[in-house]
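This report walks through selected local features of one protein model, moving from aromatic pairs to charged pairs, a buried histidine, a helix and the surface.

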Amino acid sequence: MLSSSVADAPLIREPLHAPVAHLIRGGVVEGIHYGSVVVLGADGRVEFQLGDIEAAFYPRSALKPVQAVAMVRAGLPLDGELLSLAAASHSGEERHLAGTRRILELAGVSEDALRNVPDLPFDPVVRDGWVREGRLPSRLAQNCSGKHAAMLYTCVLNDWPLEGYLDPAHPLQQAIAEIVEDLTGQRIARVTVDGCGAPLFSVSLHGLARAVSRITSAVPGTPEARVADAMREHAEMASGAGRDVAALMRAVPGLLAKDGFEGVQVAALPDGRAVAVKIADGADRARIPVAAAALGWAGVDASLLTEFQGEALLGGGEPVGCVRPVRSLEPVAVSACA
């Protein structure tokens with residue numbers, strides 16, 4: 001049952017985004033990234049906000065930790081690497097494919113039962129290797145295959161039909177939607193289809209931050225804590241080698257971080273401090289620098305965040321600038337460029 005504290009759905013409107021990052025070239029603001037940012041304190045209160053944190057939006061894959069919690073609550077017995085993979089936007093490395101096969105084996109179903117879209121691996125290096133070898137797109141290689149395999153396993157355990165497991169009316173998706181509302185603390189505004197074919201639930205940026213805060217601060221042994229522990233301890237299974245979210249989790253002790261397409265990033269600490277970021281134009285280059293600045297606002301030691309300033313802007317092959325979070329977002333120096 002849903003908590004009685006679940007609020008009404010956020011309003012569907014054009015978000016009132018604000019400047020969150022400047023593209024600096026040679027000391028001149030060449031471009032501006034708009035977006036929204038929220039920082040929650042350990043007590044769940046909003047410590048900082050910029051832009052529109054209450055409008056309905058789609059978290060994309062940043063919602064996967066919540067979906068994983070819902071499946072564990074429904075009986076999914078995975079832990080460690082395989083549970084991290086169940087919440088992953090993976091790179092398509094062989095370990096990710098092997099892990100997905102293992103989840104399918106535990107479920108007693110074949111790869112043919114997957115209904116995510118066939119694709120090449122997400123990681124450019126891995127993808128180039130596939131192309132050179134003449135390998136074709138597959139459901140297993142698509143970055144959400146671990147989540148889909150876990151969804152099938154959850155269906156098997158609950159005697160839910162495998163057919164139509166992506167239908168929003170399916171018992172699995174109804175169970176996930178209930179936990180989305182429970183952890184975000186608000187009703188879902190709208191349901192659509194994510195890139196992989198799974199239902200995608202619209203909440204607010206504030207609600208998303210609240211959900212990851214509740215996951216990381218949960219009592220040990222709970223479904224929430226199991227998901228948080230798995231993702232933190234096996235960051236590369238939730239993403240991939242060389243991915244910025246894995247590096248961020250390694251750099252900041254106890255941090256859980258998850259990215260999503262269209263410029264979404266969430267991160268939370270064990271005491272419940274959490275940040276959520278949405279870059280309005282979906283630009284990936286602004287996502288991590290803005291998230292790092294938000295973590296600085298949350299009290300994370302700036303020295304742990306220096307490698308997350310974003311790639312340098314080049315001119316003639318030499319650094320001439322960078323993507324820099326707006327000054328109001330940086331109470332401490334996290335990034336600097338000419």
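Is phenylalanine 122 buried, partly exposed or exposed? In this predicted model, phenylalanine 122 has a relative accessible area of 32% and therefore counts as partly exposed, since that class lies between the 20% limit for buried residues and the 50% limit for exposed ones.

**Aromatic pairs**

The count of aromatic pairs in the model comes to 2. One of them joins phenylalanine 122 to phenylalanine 261, with ring centres 5.8 Å apart and ring planes at 50°, so the pair is classed as tilted. Phenylalanine 122 sits in the loop between α3 and α4 (124-132), while phenylalanine 261 sits in the loop between β8 (256-260) and β9 (264-268), so the contact ties together parts of the chain that are 139 residues apart in sequence. Phenylalanine 261, at 43% relative accessible area, is partly exposed, and phenylalanine 122, at 32%, is partly exposed as well.

**Salt bridges**

Side chains of opposite charge can pair when their charged atoms come close. The structure holds 19 salt bridges, and the table sets out some of them with the distance between the closest N and O atoms and the accessibility of each partner.

| Salt bridge | N to O distance | Relative accessible area of the acidic residue | Relative accessible area of the basic residue |
|---|---|---|---|
| Glutamate 133 and arginine 135 | 3.6 Å | Glutamate 133: 57%, exposed | Arginine 135: 30%, partly exposed |
| Aspartate 259 and lysine 258 | 3.1 Å | Aspartate 259: 10%, buried | Lysine 258: 1%, buried |
| Aspartate 284 and arginine 287 | 2.7 Å | Aspartate 284: 48%, partly exposed | Arginine 287: 2%, buried |

The surroundings of these pairs can be read from the accessibility of their partners. In the bridge between glutamate 133 and arginine 135, glutamate 133 is exposed and arginine 135 is partly exposed. In the bridge between aspartate 259 and lysine 258, aspartate 259 counts as buried at 10%, and lysine 258 is buried at 1%.

The bridge between arginine 287 and aspartate 284 lies within helix α11 (residues 284-297), where the two residues are 3 positions apart and are therefore separated by about one helical turn. Arginine 287 is buried, whereas aspartate 284 is partly exposed. Elsewhere, salt bridges that share partners join Arg73, Asp182 and Glu224 into one network.

**A buried histidine and its polar contacts**

Which residues does the side chain of histidine 90 contact? Histidine 90 is placed in the loop between α2 (80-86) and α3 (94-107), and with a relative accessibility of 0% it counts as buried. A polar atom of its side chain lies 3.1 Å from the backbone oxygen of glutamine 142, and the side chain of histidine 90 also makes a polar contact of 2.8 Å with the side chain of serine 145.

**Helix α7**

How many residues of α7 are buried? The helix is mostly covered, with 10 of its 12 residues buried; among them are Leu205, His206, Gly207, Leu208 and Ala209, as well as Val212 and Ile215. The 12 residues of α7 (residues 205-216) should span 16 Å at 1.5 Å a residue, and the end C-alpha atoms are 17 Å apart, which agrees with that expectation.

**Surface patch and separations in space**

At the surface, Val29, Ile32 and Tyr34 form a nonpolar patch with about 260 Å² of accessible area together. Tyrosine 34 belongs to strand β2 (residues 28-40) and, with a relative accessible area of 39%, is partly exposed.

Two further positions can be described through their distances to residues elsewhere along the chain. Leucine 106 lies in helix α3 and is partly exposed, with 33% relative accessible area; its C-alpha atom is separated by 9.7 Å from that of alanine 149, a residue 43 positions away along the chain. Alanine 274, in strand β10 (residues 274-279), is buried, with a relative accessible area of 0%, and it is 14 Å from serine 204, C-alpha to C-alpha, with their positions 70 residues apart in sequence.

Key:
Residues are numbered from 1 along each chain as its sequence is written. This is a predicted model: local features need pLDDT of at least 70, side-chain atom pairs count only at pLDDT 80 or more; totals for chains, interfaces and linings use all residues. Side-chain values use heavy atoms; hydrogens and water are left out. Patches are made of residues with over 30% relative accessible area and no salt bridge: like charges are joined within 9 Å, nonpolar side chains (Val, Leu, Ile, Met, Phe, Trp, Tyr) within 5 Å. Accessible areas come from the Shrake-Rupley method with a 1.4 Å probe; for residues, only the protein chains shown count as cover. A salt bridge is a side-chain nitrogen of Lys or Arg within 4 Å of a carboxyl oxygen of Asp or Glu. Helices (H or I, at least four residues) and strands (E, at least two) are DSSP runs, numbered from the N terminus. Buried means under 20% relative accessible area, exposed over 50%, partly exposed in between (1.4 Å probe, protein chains only). The expected span of a helix is 1.5 Å times one less than its number of residues. A polar contact is a pair of N or O atoms within 3.5 Å; within protein, one must be able to donate a hydrogen and the other to accept it, and residues adjacent in sequence count only if both atoms are side-chain atoms. Rings of Phe, Tyr and Trp (its six-membered ring) pair if their centres lie within 6.5 Å; planes under 30 degrees apart count as stacked, over 60 as edge-to-face and the rest as tilted.
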